[in-house]
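Subject: Structure handover

Hi,

Here is the structure I promised to pass on. Please open it first, then read my notes below.

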Amino acid sequence: SLNTIFFQIDKENAVARDTLTKFSDMLRYQLYECNGHEISLDREVGYLRNYVDLQRLRKDERYQITIDVSGNPHGHTVAPLLFIPLVENAFKHLSHYPQGGNRVHVSLRIDGEIGLTITNTRDNRPRPMQPGGIGLKNLQRRLELQYPGRHELHIRESATDFEAQLIVRK
């Protein structure tokens, strides 16, 4: 079905074709590659990059969105889709300041351990209670089961910023 849609998009619309290709890659990754206990960190990084690229398309010049990877992910593994709840939350709760100053920064560090730090701006106003809120709880439970005694998850929140830092040790 996605291939049919791809070929219906005008060849001149490279952005739409590229977007659909990234979305297709993300679905393929979720459906076929995430069934085991661990996945190549290379593939997980690719998934995160595709997700960030798709989110970047929804935003305009008032949003600064960056993703940095330091170290070599090749040869490392991680539980599949471990990082995505934190990245999704950053975009879900991203500020919408009319004069700019809206940012999401995703930083992945690979050395003796794997460290993910995500920072995003947030609006300084009360938010109505929304159903859900289980993403961080589920992530914490997954970490306890898959990385017992080998992980740290730190959340820091201020009136204008949110930061999540996850460290996973092998």
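Let me start with a proline. P80 is buried, with a relative accessible area of 8%. The cut-off for buried is under 20%, so P80 falls inside that class. Keep in mind that this is a predicted model.

**P80 and L81**

P80 sits in the loop between β3 (77-78) and α4. Leaving aside neighbours within four places in sequence, P80 is in contact with C34, G36, H37, E38, I39, E44 and R142. E61 is another matter: P80 and E61 are 19 residues apart in sequence, yet their C-alpha atoms are 32 Å apart in space.

L81 lies in that loop between β3 and α4 too. Check its backbone. L81 has a positive phi of about 60°, although it is not a glycine. As background, most residues other than glycine have a negative phi. L81 has a relative accessibility of 21%, so it counts as partly exposed.

**α4**

The loop leads to α4 (84-92). This helix is mostly covered, with seven of its nine residues buried. The buried ones are I84, P85, L86, V87, N89, A90 and F91.

V87 deserves a look. Outside its neighbours within four places in sequence, V87 is in contact with L48, Y51, V52, V106 and I118.

**The core**

Which residues touch the most other members of the largest nonpolar core? They are L82, F83 and V87, in a core of 38 residues. The elements giving two or more residues to this core are α2 (14-33), α3 (41-58), β2 (63-70), α4 (84-92), β4 (102-110), β5 (114-121), α5 (135-146) and β7 (161-168). α3 gives the most, with seven residues.

**Helix packing**

Now for two helix pairs, both involving α3. Two packed helices are described by the angle between their axes and the distance between the axes.

Take α3 with α4. They pack at an angle of about 10°, with their axes 11 Å apart. The two helices are therefore roughly parallel to each other. On the α3 side, the residues are Y47, L48, Y51, V52 and Q55. They meet I84, V87, E88 and F91 in α4. The residues of this contact divide into seven nonpolar, one polar and one charged.

Then α2 with α3. Their axes come within 10 Å and cross at roughly 140°. α2 and α3 are therefore oblique to each other. α2 passes α3 in a left-handed crossing. From α2, the contact uses V15, T19, K22, F23, D25, M26, Y29, Q30 and E33. From α3, it uses R43, E44, Y47, N50, Y51, D53, L54 and L57. These residues divide into eight nonpolar, three polar and six charged.

Two α3 residues link these notes. Y47 and Y51 are listed in the contact with α4, and Y47 and Y51 are listed in the contact with α2. E44 also comes up twice: it is in the α2 contact, and it touches P80.

**The N-terminal helix**

One last item. I5 is in helix α1 (residues 2-8). Is I5 buried, exposed or partly exposed? At 39% relative accessibility, I5 counts as partly exposed. I5 and R17 are twelve residues apart in sequence, and 9.0 Å apart in space, C-alpha to C-alpha.

Best wishes

How values were computed. Residues numbered from 1 in each chain as written. Predicted model: local features only at pLDDT ≥ 70, side-chain atom pairs only at ≥ 80, totals over all residues. Heavy atoms only, no water. Core = buried A, V, L, I, M, F, W, Y, C linked by side-chain atoms within 4.5 Å. Buried < 20%, exposed > 50% of the residue type's maximum accessible area, 1.4 Å probe, protein only. Helix = DSSP H or I, 4+ residues; strand = E, 2+ residues; numbered from the N terminus. Contact = heavy atoms within 4.5 Å. Axes fitted to C-alpha atoms, helices over the stretch in contact; angles between N-to-C directions. Parallel < 35°, antiparallel > 145°, perpendicular 65-115°, else oblique. Left-handed = near helix turned anticlockwise from the far one by under 90°. Nonpolar A, V, L, I, M, F, W, Y, C, P; charged D, E, K, R; others polar.
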